Amino acid sequence: MVLTKRDVATVFDDGNVSLQFAKGLAGRRTGKSIGETTMPRQSDRNRKSSKGTMSEADTQSNCNSKYITHDLGWKLTAVKWGLSLAMCLVVGCYGAILAAFPVESFQNIKETIFQKMVDTPFGSKGGGLLVLFASPLLVLTLLAIINLEVSSRMVTFKEKAKGRASLQKHPLFIGGWMGIVSAAEFLWILLFLVMFTWIMGNYLIRDSRHFDVTSLKPVETVWSKKLKRTASHLGFFGLICLNFLFLPVSRGSVLLRALDIPFEHAVKYHIWLGYFMMTCFTLHGHFYIIAWYSEDSLSKIFNWAPHKVANFAGVIALLAGITMWVTSISWVRKRYFETFFWVHHLYIVFVFFMAFHVGGVLFNVAFCGIFLFVFDRFLRFCQSRGNVGVLTTKLLACGIFELTLIKPPGIKLHALNYIYLNIPEISKLEWHPFSVSSSPYDGDNWLKVLIKPSYGGWTHRLQGLVSDVVKRGRCPSNISAAVEGPYGHESDFFLQYETLVLVAGGIGISPFVAVLRDLLQRYQRQQSNLPSNVHLIWAVQKSEELQLLDLIPASAICPDYRLKFNLQIHAFVTRESSPISLECKPEAPASHLVDQFKKSRILASVSNAEAFNKPMSMVAGTGSNLWITSCFLASLLGYIVVYFSIYYFVVQPFEQESAGDGKPREGLPRWVKGLFNVISLILGVAIFGGFVASLWNYLGRLHQGLSEIGDENSRLLSISNTEDTVYANESADCLVHPSNTHFGQRPNLREIFDGCAKSQQPGANIGVLVCGPESLQISVAETCRAFNNIDYDLHKVAFSYHSLSFDL
Ligand SMILES: Cc1cc2nc3c(=O)[nH]c(=O)nc-3n(C[C@H](O)[C@H](O)[C@H](O)COP(=O)(O)OP(=O)(O)OC[C@H]3O[C@@H](n4cnc5c(N)ncnc54)[C@H](O)[C@@H]3O)c2cc1C
């Protein structure tokens, strides 16, 4: 069931219109009725009285309340379906092009395309490769932006998930160097390997069919020639991989956003692709070296001839690639993250020398992936320049701290989002990801993050800074931050489950704090079709960490939440057999335990109203779709303009010039053309995209300044203070208490899942979200797999696995 935001605006905004509208919709909906959405006036009252909690969704709704556009929802659905179909078609076409490229019967079509580009500055082959390899991805990106925009105008009431877990949510292989691989991912891997085998097989068959012994040079043997050909095909396939390599690590990539694959999840696709690509390139290099060795011409490694392949540039690119490859293996990455991170910047060397090696023409095979990455990197650069205000700084007794950062309402937030944070006072270069622990319904102008310090690391240094601020009462505006994002899931997929199981380990609770706050806020707003059973399984090492859940003032957000949904908390303290201070008093009555729980909540908090003057920049890869499209098109245009300018002012005059002996020159060296290609790409994005980004920033700030309401800031501060009061209040009801806390043990997942399954109707699909250490993710994935495979027949209940990883 799909409504437009306008529909919902009407639904939420005005009691009379809502009722009228609800009648209109009543015939169209089944399940939980729209009555719950539109009803009752009580909700309006709540919302109007608690103006402080009006969120982006609400404010947008108010603007559009005059319109009742019942049919637009269906039109938008049709557009969305059409767009999704078009995207599938483009992906299909791209697959077909890749598969047909080495096939002999495709060569005529290929030549025709190349011929059509002969008079363009890209040249026949360069232009042809752009058409075949870059244009589908560019079209896909544009379709994805439009799709995102259409989705953002719709409020989708998804049918509740039922039946078996989809392939995407069923963990198939668990553990090993590939981590947790879902059934859908496994199918994609198979498809990729089939494509590789097909392309290489076709090339090898073609080579053996057309092998001409007379074309051998004196030093060449049949097998050395064949080895070199195989090497060049492997290199070509490596370039195809390179075209996709950067897509998963373009954090704000519209393609990832449209597919709802968050960056932290997509990183593993980058790793898999990178390993495969480097295998191809390493074999490519080594096959050439072996062939040259056999031909007694090993010195060719150092060749950098102007009009041939620059071998030595390839060697440098390969060495840079191998260094990145070695330092990215999980053992090194996890132990020496900083080393891995800085070494990975060799990608710049890799891309430049790769362009020198293959020249301007072949570079176009990988052009689009690199262009999209540079575009994303540029937007990240623009956003990260800003100085963001820290509204409140809270230090909890357990050492974990919470920062509230100012964001402009234009930046949309979702419960499962995260941001990248930089504190220049600690390091100008280090950026760390943190999950957002607040709901978008908590307020449009801020977001919160919870940070657990790790000893010796950046977070530890930030803890020092924060305690300095809080204890000495130093003004928190002295903590200047830079923020990038938000990134992560935009679909609020957890709402599609009737029953949710949230499994957290330690600070992995942070995204679930956001989920719980979000659910409470949605229940308070009388939204329909929400999960009605939520089980939170949370394992911590020390009981003091449990106070993190007290950051959810459940009763303050939704006073009768217990009547509205079934929230069950199962807390496990693994390294204590009882709350520490009561260890000597095993006979302590339950009421004492409760007191002990409450007393452990020590709060030190500082607020700073000046922070409102420093919101996050709205120039972000996940910002306004209209501006992103403008920036994207401007950057593309910029590339063409710079490329053409270089061609007409540098390349063409040089080629037309006579070399002095009456013959025209051979043209610029290949590697120089490769360099021009990369430079055009970077300048196009930086100058043209940069112009639009500056405009975006300027107009955004202007609009923000104009729309600022006089006492809005003090209102927000007062909400923040109220929350603190609730938090510090001894009588506030805690979500975690002795009766749902187990000491000295780990959660028995099987038992809890079994209990969950038994309480469900046959055919139920339970959403399982896990966030915590790798071992916990593996245990949860294994339990889901066991229930989906072995126990499904018993309970007829499926568990859909979703991981929110804190590992990159
Ligand atoms: C998507 C995501 C969301 C996260 N949300 C939270 C959160 O809400 N609260 C929280 O306390 N922690 C969160 N983390 C973990 C947090 O980013 C790391 O604990 C933090 O970066 C550690 O930095 P350090 O230098 O203090 O620790 P170190 O002791 O130097 O590193 C500990 C481990 O943290 C990881 N790490 C270190 N630096 C980085 C980096 N720049 N980028 C990514 N990982 C790094 C590495 O795996 C490393 O082995 C999240 C991580 C990710 C990927």
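Strand β7 (residues 417-422) runs antiparallel to β10, and the two pair over five bridges. Within that pairing, Y420 sits opposite E484 of β10. Keep in mind that this is a predicted model.

β10 is a good place to begin. Seven of its seven residues are buried, so the strand is mostly covered. It also carries a cis peptide bond: the link from G485 to P486 has omega near 0 degrees. P486 itself lies in strand β10, so here the cis bond leads into a strand residue.

Now for the empty space inside. Rolling a probe the size of a water molecule over the atoms shows where empty space is left. In this structure, four cavities of 30 Å³ or more turn up. The largest has a volume of about 150 Å³. Of the 15 residues lining the largest cavity, G252, S253, V254, L372 and F375 are the closest to its centre. Two or more lining residues come from each of α8 (124-152), α11 (254-259), α17 (367-384) and α23 (625-656). Which element gives the most to this lining? That would be α17, with four residues.

The second largest cavity holds about 60 Å³ of space. Its lining is made up of R251, S253, L256, R257, D260, I261, P262, F263, Y487, G488, E490 and T622. α11 and β10 each supply at least two residues of the lining of the second largest cavity, which brings us back to the strand that pairs with β7. S253 is worth a second look: it is among the residues closest to the centre of the largest cavity, and it also lines the second largest one.

Here are the two cavities side by side.

| Cavity | Volume | Lining residues by type |
|---|---|---|
| Largest | about 150 Å³ | nine nonpolar, five polar, one charged |
| Second largest | about 60 Å³ | five nonpolar, three polar, four charged |

D260, one of the residues lining the second largest cavity, has an unusual backbone for its type. Its phi is near 55 degrees, a positive value in a residue other than glycine. D260 is placed in the loop between α11 and α12 (263-294). Is D260 buried or exposed? Neither quite fits: at 24% relative accessibility, D260 counts as partly exposed, because buried means under 20% and exposed over 50%.

On to the helices, where the end-to-end spans can be checked against what a straight helix would give. Take α12 first. With 32 residues at 1.5 Å a residue, α12 should span 46 Å, and its end C-alpha atoms are 45 Å apart, which agrees. After α12 comes D296, whose phi is positive, near 65 degrees.

Helix α19 (residues 510-524) passes the check too. Its 15 residues should span 21 Å at 1.5 Å a residue, and its end C-alpha atoms are 21 Å apart, in agreement. α19 is largely enclosed by the rest of the structure, because 15 of its 15 residues are buried. Q526 follows α19 and has a positive phi, near 60 degrees. Further along, in the loop between α19 and β12 (533-540), you find N529. N529 is not a glycine, yet its phi is positive, at about 65 degrees. With a relative accessible area of 17%, N529 is buried.

What about helix α16 (residues 347-362)? A straight helix of 16 residues would span 22 Å at 1.5 Å a residue, but α16 spans only 18 Å between its end C-alpha atoms. Where does α16 bend? The place is F356, and the bend there is about 70 degrees. F356 is also one of the buried residues of α16. The others on that list are F350, V351, F353, M354, A355, H357, V358, G359 and G360.

One last stop is a contact across the sequence. T120 is found in the loop between α7 (107-116) and α8, and α8 is one of the elements that give two or more residues to the lining of the largest cavity. T120 is partly exposed, with a relative accessible area of 25%. How far apart are T120 and Y647 in sequence and in space? They are 527 residues apart in sequence and 10.0 Å apart in space, C-alpha to C-alpha.

Terms used: Residues numbered from 1 in each chain as written. Predicted model: local features only at pLDDT ≥ 70, side-chain atom pairs only at ≥ 80, totals over all residues. Heavy atoms only, no water. Expected span 1.5 Å × (residues − 1). Bend = angle between axes of the 7 residues up to and from the residue. Buried < 20%, exposed > 50% of the residue type's maximum accessible area, 1.4 Å probe, protein only. 1 Å grid on protein atoms, 1.4 Å probe; cavity = no way out; pocket = protein on both sides within 12 Å on 5 of 7 lines; lining within 4 Å. Points joined across faces, edges and corners; volume = space filled by probe spheres on them. Nonpolar A, V, L, I, M, F, W, Y, C, P; charged D, E, K, R; others polar. Pairing = 2+ DSSP bridges.
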